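Reader: I would like to go through this model with the definitions beside each value, so that every label can be checked. Please take my questions one at a time.

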Amino acid sequence: MENEIKYAFIASPKVIRHKLGNNAADVLATLIYKYKHFKSKNQLVSHKGYMCFYVSYSDIIEETSFKHHTVKKSIVTLKKQGLIVSIQQGLNKPNYYSVDEKLIDKYNCEIFFLGKRN
(Lines give C-alpha, C1' and ligand atoms only; values in the text may rest on other atoms or scores of the structure.)
Protein backbone atom coordinates (compact mmCIF):
# COMPACT_ATOMS: atom_id res chain seq x y z
CA MET A 1 0.00 0.00 0.00
CA GLU A 2 2.93 2.34 0.60
CA ASN A 3 3.73 2.50 -3.12
CA GLU A 4 0.08 3.20 -3.87
CA ILE A 5 0.12 6.12 -1.42
CA LYS A 6 3.45 7.41 -2.67
CA TYR A 7 2.20 7.81 -6.23
CA ALA A 8 -1.48 8.45 -5.54
CA PHE A 9 -3.27 11.60 -6.50
CA ILE A 10 -6.58 11.96 -4.73
CA ALA A 11 -9.07 14.17 -6.53
CA SER A 12 -12.64 15.10 -5.71
CA PRO A 13 -15.39 16.17 -8.11
CA LYS A 14 -15.97 19.90 -8.54
CA VAL A 15 -19.62 19.53 -7.57
CA ILE A 16 -18.81 17.99 -4.20
CA ARG A 17 -15.99 20.48 -3.70
CA HIS A 18 -18.43 23.33 -4.34
CA LYS A 19 -21.12 21.98 -2.02
CA LEU A 20 -18.94 20.78 0.89
CA GLY A 21 -15.87 22.99 0.59
CA ASN A 22 -12.32 22.05 -0.34
CA ASN A 23 -11.28 20.50 2.96
CA ALA A 24 -14.30 18.23 3.39
CA ALA A 25 -14.07 17.20 -0.28
CA ASP A 26 -10.41 16.23 0.14
CA VAL A 27 -11.12 14.26 3.32
CA LEU A 28 -14.01 12.52 1.54
CA ALA A 29 -11.76 11.70 -1.42
CA THR A 30 -9.20 10.23 0.99
CA LEU A 31 -11.85 8.12 2.73
CA ILE A 32 -13.19 6.90 -0.63
CA TYR A 33 -9.67 5.97 -1.67
CA LYS A 34 -9.17 4.01 1.58
CA TYR A 35 -12.59 2.36 1.23
CA LYS A 36 -11.82 1.23 -2.32
CA HIS A 37 -8.40 -0.04 -1.25
CA PHE A 38 -9.82 -2.19 1.56
CA LYS A 39 -12.70 -3.31 -0.66
CA SER A 40 -10.33 -4.42 -3.45
CA LYS A 41 -8.32 -6.45 -0.91
CA ASN A 42 -11.56 -7.94 0.46
CA GLN A 43 -10.71 -6.46 3.88
CA LEU A 44 -13.88 -4.53 4.72
CA VAL A 45 -15.30 -5.49 8.10
CA SER A 46 -19.00 -5.81 8.86
CA HIS A 47 -19.66 -3.68 11.93
CA LYS A 48 -23.07 -2.52 13.21
CA GLY A 49 -24.65 -3.16 9.81
CA TYR A 50 -22.04 -1.27 7.80
CA MET A 51 -19.17 -2.48 5.67
CA CYS A 52 -16.30 -0.61 7.31
CA PHE A 53 -12.59 -0.03 7.22
CA TYR A 54 -10.43 1.51 9.88
CA VAL A 55 -8.21 4.53 9.58
CA SER A 56 -6.77 6.82 12.22
CA TYR A 57 -6.98 10.60 12.29
CA SER A 58 -3.19 10.69 12.00
CA ASP A 59 -3.40 8.71 8.73
CA ILE A 60 -5.97 11.14 7.33
CA ILE A 61 -3.86 14.07 8.51
CA GLU A 62 -0.79 12.60 6.85
CA GLU A 63 -2.57 12.02 3.54
CA THR A 64 -4.32 15.40 3.40
CA SER A 65 -1.69 17.56 5.17
CA PHE A 66 -4.52 19.13 7.18
CA LYS A 67 -4.43 19.90 10.87
CA HIS A 68 -6.36 17.71 13.33
CA HIS A 69 -9.08 20.35 13.79
CA THR A 70 -9.63 20.64 10.02
CA VAL A 71 -9.98 16.86 9.63
CA LYS A 72 -12.37 16.64 12.58
CA LYS A 73 -14.52 19.49 11.25
CA SER A 74 -14.57 17.90 7.76
CA ILE A 75 -15.64 14.53 9.15
CA VAL A 76 -18.48 16.18 11.09
CA THR A 77 -19.61 17.84 7.84
CA LEU A 78 -19.48 14.53 5.93
CA LYS A 79 -21.43 12.73 8.67
CA LYS A 80 -24.12 15.45 8.74
CA GLN A 81 -24.56 15.05 4.98
CA GLY A 82 -24.86 11.26 5.43
CA LEU A 83 -21.96 10.56 3.08
CA ILE A 84 -19.95 8.65 5.70
CA VAL A 85 -20.54 6.84 8.95
CA SER A 86 -17.92 6.97 11.69
CA ILE A 87 -17.98 4.39 14.47
CA GLN A 88 -15.69 4.78 17.46
CA GLN A 89 -14.01 1.56 18.59
CA GLY A 90 -12.67 2.87 21.85
CA LEU A 91 -9.78 4.70 23.44
CA ASN A 92 -6.55 4.65 21.41
CA LYS A 93 -8.13 2.64 18.59
CA PRO A 94 -8.77 3.96 15.08
CA ASN A 95 -12.36 4.67 14.09
CA TYR A 96 -14.28 2.51 11.67
CA TYR A 97 -15.57 4.37 8.62
CA SER A 98 -18.14 3.45 6.04
CA VAL A 99 -18.63 5.31 2.79
CA ASP A 100 -22.04 5.35 1.12
CA GLU A 101 -21.01 5.11 -2.55
CA LYS A 102 -24.58 5.23 -3.87
CA LEU A 103 -25.43 8.33 -1.86
CA ILE A 104 -22.22 10.04 -2.95
CA ASP A 105 -23.05 9.32 -6.61
CA LYS A 106 -26.63 10.48 -6.11
CA TYR A 107 -25.50 13.53 -4.15
CA ASN A 108 -23.04 14.46 -6.90
CA CYS A 109 -25.53 13.93 -9.75
CA GLU A 110 -28.52 15.62 -8.08
CA ILE A 111 -26.56 18.75 -7.34
CA PHE A 112 -25.18 18.87 -10.87
CA PHE A 113 -28.28 17.95 -12.87
CA LEU A 114 -30.93 19.62 -10.78
CA GLY A 115 -28.94 22.75 -10.11
CA LYS A 116 -29.39 22.28 -6.36
CA ARG A 117 -27.79 25.02 -4.28
CA ASN A 118 -27.16 25.59 -0.59
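Reader: What makes His69, Lys73 and Lys80 count as exposed in H5?

Author: In this predicted model, where local features need pLDDT of at least 70, side-chain atom pairs count only at pLDDT 80 or more, while totals for chains, interfaces and linings use all residues. Residues are numbered from 1 along each chain as its sequence is written, and side-chain values use heavy atoms, with hydrogens and water left out. A residue is called exposed over 50% relative accessible area, buried under 20% and partly exposed in between, with a 1.4 Å probe and protein chains only. His69, Lys73 and Lys80 are in the exposed class, and they lie on the other side of H5 from its buried residues.

Reader: Which residues of H5 are buried, and how do you know that they share a side of H5?

Author: The buried ones are Val71, Ser74, Ile75 and Leu78. They cover an arc of only 100° around the axis, which puts them on the same side of H5; the arc is that of the directions from the helix axis to the C-beta atoms. In general, an α-helix has 3.6 residues a turn, so residues three or four places apart point the same way.

Reader: What covers the buried residues of H5?

Author: Contact here means heavy atoms within 4.5 Å, and the cover includes the helices H2 (14-20), H3 (22-40) and H4 (57-64), together with the strands E3 (84-87) and E4 (95-99).

Reader: Why is H5 called a helix, and how does its span compare with the expected one?

Author: Helices are DSSP runs of H or I with at least four residues, strands are runs of E with at least two, and both are numbered from the N terminus. H5 has 13 residues (68-80), so it meets that minimum of four. The expected span is 1.5 Å times one less than the number of residues; H5 reaches 18 Å from its first C-alpha to its last, close to the 18 Å expected. Just after H5, Gly82 takes a positive phi of about 80°.

Reader: How do you know that the span of H3 agrees with its residue count?

Author: The 19 residues of H3 should span 27 Å at 1.5 Å a residue, and the end C-alpha atoms are 27 Å apart, which agrees. Among its buried residues are Val27, Leu31, Tyr35 and Phe38.

Reader: What makes E4 largely enclosed?

Author: 5 of the 5 residues of E4 are buried, so E4 is largely enclosed by the rest of the structure. Asn95, Tyr97 and Val99 point one way from E4, whereas Tyr96 and Ser98 point the other way.

Reader: Why are E3 and E4 called a pair?

Author: Two strands pair if DSSP finds at least two bridges between them, and E3 and E4 have 4 bridges, in the antiparallel sense, so the condition is met. Ser86 stands opposite Tyr97 in E4. E2 (residues 50-55) is also joined to E4, by 3 bridges, and runs antiparallel to it, with Val55 opposite Asn95.

Reader: Which element of the protein chain has the lowest mean pLDDT, and which the highest?

Author: The score is the predictor's confidence in each residue, from 0 to 100. H1 (residues 2-6) has the lowest mean, 49, and H5 the highest, 96. The protein chain averages 83, with 80% of the residues scoring at least 70, but pLDDT stays under 50 over residues 111-118.
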